[in-house]
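Colleague: I would be grateful for a close look at the salt bridges of this model, followed by a short account of the ligand site. Please set out the reasoning behind each assignment.

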Amino acid sequence: MEFRDIVMQRYAVKLFDGRMIDEQTLFVLLDIIRYSPSAFNLQPWKIKIVSASKIKKNLLPHTNNQPQVTTCSHLLVFCANTELEPLVDKAVEGLVKSGLSPETVSQYAAMIKAYIGSMTPEQRMAFAREQIHIALANAINGAKSLGLDSCPMGGFDPAGYAEALFLPEEYVPVVLCAIGYAADKAPPKWRLPREEVFF
Ligand SMILES: Cc1cc2nc3c(=O)[nH]c(=O)nc-3n(C[C@H](O)[C@H](O)[C@H](O)COP(=O)(O)O)c2cc1C
């Protein structure tokens, strides 16, 4: 499928048919998400994968009772990982492994650490959120490329999710992506006209 067709044909599914995605396909999708770009390559995300019916049912009231949650195959809960400093160390290790000199890398690491060190907790969250929505875009388009359907979802209560999923404090739910097989039909696509978007 051409990328253009993927983008045009995917839509936010309101109801899935309950079929489960096979593990191999899921694995490919998770890699598409994992390879998403992020600022400084920090990858400030942790993604909880929910497939058990009982847990999905528990999450339903924290999702405004949106039926995508209980009818999807897998629900991906994209959380911000606000512990950025250890991620800088990991990104730096990655750069050394890819052949950059330790001196260059240590200067770069100091620059990033100074930058994130100056951030307020709110700015850290905003930083992580920005990156997470890139991974979300890869999730929905990646799903379509694999013959799957999806729904990105912001209509949920992050505190309720954190409690129901026993998330550690540093992982803050930001957005959901329900994945599975659609039981509804794609509505007509509407977007702002070109001249209203580009100037
Ligand atoms: C960040 C984000 C949050 C969204 N939250 C919800 C949601 O909670 N429930 C829902 O049914 N759709 C949700 N959507 C889907 C949008 O309503 C949908 O993408 C938009 O109307 C365009 O339609 P399309 O994706 O079918 O082309 C969300 C989309 C995004 C990107």
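Modeller: A residue counts as buried under 20% relative accessible area, as exposed over 50%, and as partly exposed in between. The structure is a predicted model, and the salt bridges are taken first.

Asp-89 is a suitable starting point: its relative accessibility is 37%, so Asp-89 is classed as partly exposed. Asp-89 is joined by a salt bridge to Lys-113, with 2.6 Å between the closest N and O atoms. Because Asp-89 belongs to helix 5 (residues 84–97) and Lys-113 to helix 6 (residues 102–117), the pair ties together parts that are 24 residues apart in sequence. Lys-113 has a relative accessibility of 34% and therefore also counts as partly exposed. As a general matter, side chains of opposite charge can pair when their charged atoms come close.

A second pair lies within one helix. The side chains of Asp-31 and Arg-34 form a salt bridge with an N to O distance of 2.8 Å. Both residues belong to helix 2 (residues 23–34), and because they are three residues apart there, about one helical turn separates them. Asp-31, at 25% relative accessibility, is partly exposed, and Arg-34, at 47%, is likewise partly exposed.

A further salt bridge links the side chains of Arg-19 and Asp-17, at 2.9 Å from N to O. Arg-19 has a relative accessible area of 47%, which places it among the partly exposed residues. Asp-17, with a relative accessibility of 37%, is partly exposed as well. The count of salt bridges, with a side-chain nitrogen of Lys or Arg required within 4 Å of a carboxyl oxygen of Asp or Glu, comes to five.

The ligand site follows. The ligand has 13 residues around it, and those that come nearest are Arg-10, Lys-14, Gln-66, Gly-154 and Lys-189. By class, this shell comprises five nonpolar, four polar and four charged residues. Strand 3 (residues 149–153) gives the most to the shell, namely three residues.

Individual contacts can also be specified. A polar backbone atom of Gly-154 is 2.8 Å from a nitrogen atom of the ligand, and a polar backbone atom of Pro-152 is 3.1 Å from a ligand nitrogen. On the side-chain part, a polar atom of Arg-191 lies 2.8 Å from an oxygen atom of the ligand. Taken alone, the ligand exposes 620 Å², of which the protein buries 62%.

Notes
Residues numbered from 1 in each chain as written. Predicted model: local features only at pLDDT ≥ 70, side-chain atom pairs only at ≥ 80, totals over all residues. Heavy atoms only, no water. Near = heavy atom within 4 Å. Polar contact = N/O pair within 3.5 Å; in protein donor to acceptor, adjacent residues only side chain to side chain. Areas by Shrake-Rupley, 256 points an atom, 1.4 Å probe, with all protein chains shown as cover. Helix = DSSP H or I, 4+ residues; strand = E, 2+ residues; numbered from the N terminus. Nonpolar A, V, L, I, M, F, W, Y, C, P; charged D, E, K, R; others polar. Buried < 20%, exposed > 50% of the residue type's maximum accessible area, 1.4 Å probe, protein only.
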